[in-house]
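Please open the model in a viewer and keep the sequence panel visible. The tour proceeds by selections, each followed by a description of what is found there.

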Amino acid sequence: MAARHGWWCNSKTYPLICKYCGSKIFHMSCDCGSSVLFDELGWPWPRHQCAETASRSTLSRLGQEDLHNSILGRIDEIAADAIARLIDRGIDREYGAAIQKAANTEKRPRKQSSWIAKQDPYHDARTAERGIVMELIREADIFKKANIDAGSLGMALLGEFARERLAQITIHTGALAENEMDNCSFTFFVAANVVRELNLTKGSLVTVELRGIVASSRFPVWVCDQLIKLV
């Protein structure tokens with residue numbers, strides 16, 4: 001059985017904290033549509049199945065882990081071992097080893113976080129990113145951030161973002177097993193009702209579509225046209 005998931009399908013793994021039980025877990029997803037929570041990385045790739053996540057789980061498409069999730073508690077150890085091997089063979093060994101190594105490195109506290117590159121917008125810049133919510137301000141003032149006055153041309157440039165309540169979010173995009181140079185920070189504004197409807201919290205994994213607006217020459221801002229909560 002050839003590995004189905006690895007670098008070629010843009011697999012990404014993020015360390016997270018389960019919002020239900022508080023355990024440290026790992027979320028792996030890729031362009032194939034896979035979305036899996038693991039307690040640990042590597043053999044036997046144990047799925048995270050606390051009471052709350054199990055009750056909310058849906059079938060994903062990473063190897064045979066949907067089968068593993070549904071019947072593991074009702075089969076003997078030999079059968080469970082066989083299913084775990086199917087999952088293991090579905091993940092490229094080189095990718096699996098790389099994310100394990102990166103996870104072990106993450107356990108050692110860093111002396112500084114200067115390796116996270118802050119990405120500043122420019123007018124009409126556009127980017128799609130996936131990352132972890134590191135900061136969430138539920139009521140934010142875009143006029144103060146963009147340094148503009150009500151009724152000014154800058155307000156017109158902000159369009160709908162000048163007319164609704166906004167939240168401010170900062171995400172970090174670096175996943176395990178990726179070059180540290182790819183670990184970037186984006187701070188952006190998004191409609192506050194979107195944050196509320198998604199029940200977004202610090203530590204959530206999201207995908208965003210961002211657009212840069214320069215309402216005043218010295219204070220460009222990112223605004224979010226689409227936000228999807230993954231975990």
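Where is the place of Thr-173? Select this residue in the predicted model: Thr-173 is found in the loop between E6 and E7. Its relative accessible area is 6%, which means that Thr-173 is buried.

Now display the surroundings of Thr-173. Leaving aside neighbours within four places in sequence, Thr-173 is in contact with Tyr-14, Glu-129, Arg-130, Gly-131, Glu-178, Asp-182, Asn-183, Cys-184 and Phe-186. One of these contacts, Tyr-14, lies 159 residues away along the chain, yet the C-alpha atoms of Thr-173 and Tyr-14 are separated by 9.3 Å.

**The whole protein**

Zoom out and colour the model by secondary structure. The protein has seven helices and nine strands. Of its 231 residues, 43% are buried. Among contacts with a separation of 6 or more, 65% join residues that are 24 or more positions apart. With a surface display switched on, the accessible surface of the protein comes to about 12,800 Å²; carbon and sulfur atoms account for 49% of that area.

**The sheet E1-E2-E3**

Select residues 12-17, which form strand E1, then residues 24-29, which form strand E2, and finally residues 35-38, which form strand E3. Together the three strands make an open sheet in the order E1-E2-E3, with antiparallel pairing. E1 and E3 each have a single partner strand and therefore stand at the edges, one side of each being left without a neighbour in the sheet. From one strand to the next, the twist averages 25°.

Next, look along the pairing of E1 with E2, which is antiparallel and runs over six bridges. Lys-12 has Ser-29 in E2 as its bridge partner, and Pro-15 stands opposite Phe-26 in E2. The two strands form a hairpin with six residues between them. Select Gly-22 in the turn of this hairpin: its phi is positive, at about 85°.

**An aromatic pair**

Three aromatic pairs are counted in the model. For one of them, select Trp-7 and Tyr-95 and show their side chains. How far apart are the centres of these rings? The distance is 5.0 Å, and the planes stand at 85°, so the pair is edge-to-face. Trp-7 belongs to the segment before E1, whereas Tyr-95 belongs to helix H4 (residues 93-106), so the pair ties together parts that are 88 residues apart in sequence. The accessibility of each residue may then be inspected. Trp-7 counts as partly exposed, at 40% relative accessibility, while Tyr-95 is buried, with a relative accessible area of 0%.

**The largest nonpolar core**

In soluble globular proteins, nonpolar side chains tend to be buried together. To examine such a grouping here, select Ile-169, Ile-171, Phe-188, Val-190, Val-208 and Leu-227, which touch the most other members of the largest nonpolar core, a set of 17 residues. Strands E6 (166-172), E7 (184-191), E8 (205-213) and E9 (221-229) each supply at least two residues of this core. The largest share comes from E7, with four residues.

Remain in this region and centre the view on Leu-227. When residues up to four places away in sequence are not counted, Leu-227 touches Ile-169, Phe-188, Val-190, Val-194, Leu-198, Leu-200, Val-206, Thr-207 and Val-208.

**Backbone details in three loops**

The final selections concern the backbone. First, select Trp-43 and Pro-44, which are joined by a cis peptide bond with omega of about 5°. Pro-44 lies in the loop between E3 and helix H1 (51-56).

Move next to Asp-124, in the loop between strand E4 (117-118) and strand E5 (126-140). Which sign does the phi of Asp-124 have? Its phi is positive, at about 65°, although Asp-124 is not a glycine. With 45% relative accessibility, Asp-124 counts as partly exposed.

The last stop is Asn-199, in the loop between helix H7 (192-198) and E8. Asn-199 is likewise not a glycine, and its phi is positive at about 55°. The relative accessible area of Asn-199 is 49%, so this residue is partly exposed.

Methods: Residues numbered from 1 in each chain as written. Predicted model: local features only at pLDDT ≥ 70, side-chain atom pairs only at ≥ 80, totals over all residues. Heavy atoms only, no water. Pairing = 2+ DSSP bridges. Axes fitted to C-alpha atoms, helices over the stretch in contact; angles between N-to-C directions. Buried < 20%, exposed > 50% of the residue type's maximum accessible area, 1.4 Å probe, protein only. Contact = heavy atoms within 4.5 Å. Areas by Shrake-Rupley, 256 points an atom, 1.4 Å probe, with all protein chains shown as cover. Phe/Tyr/Trp six-rings, centres within 6.5 Å; stacked < 30°, edge-to-face > 60°. Core = buried A, V, L, I, M, F, W, Y, C linked by side-chain atoms within 4.5 Å.
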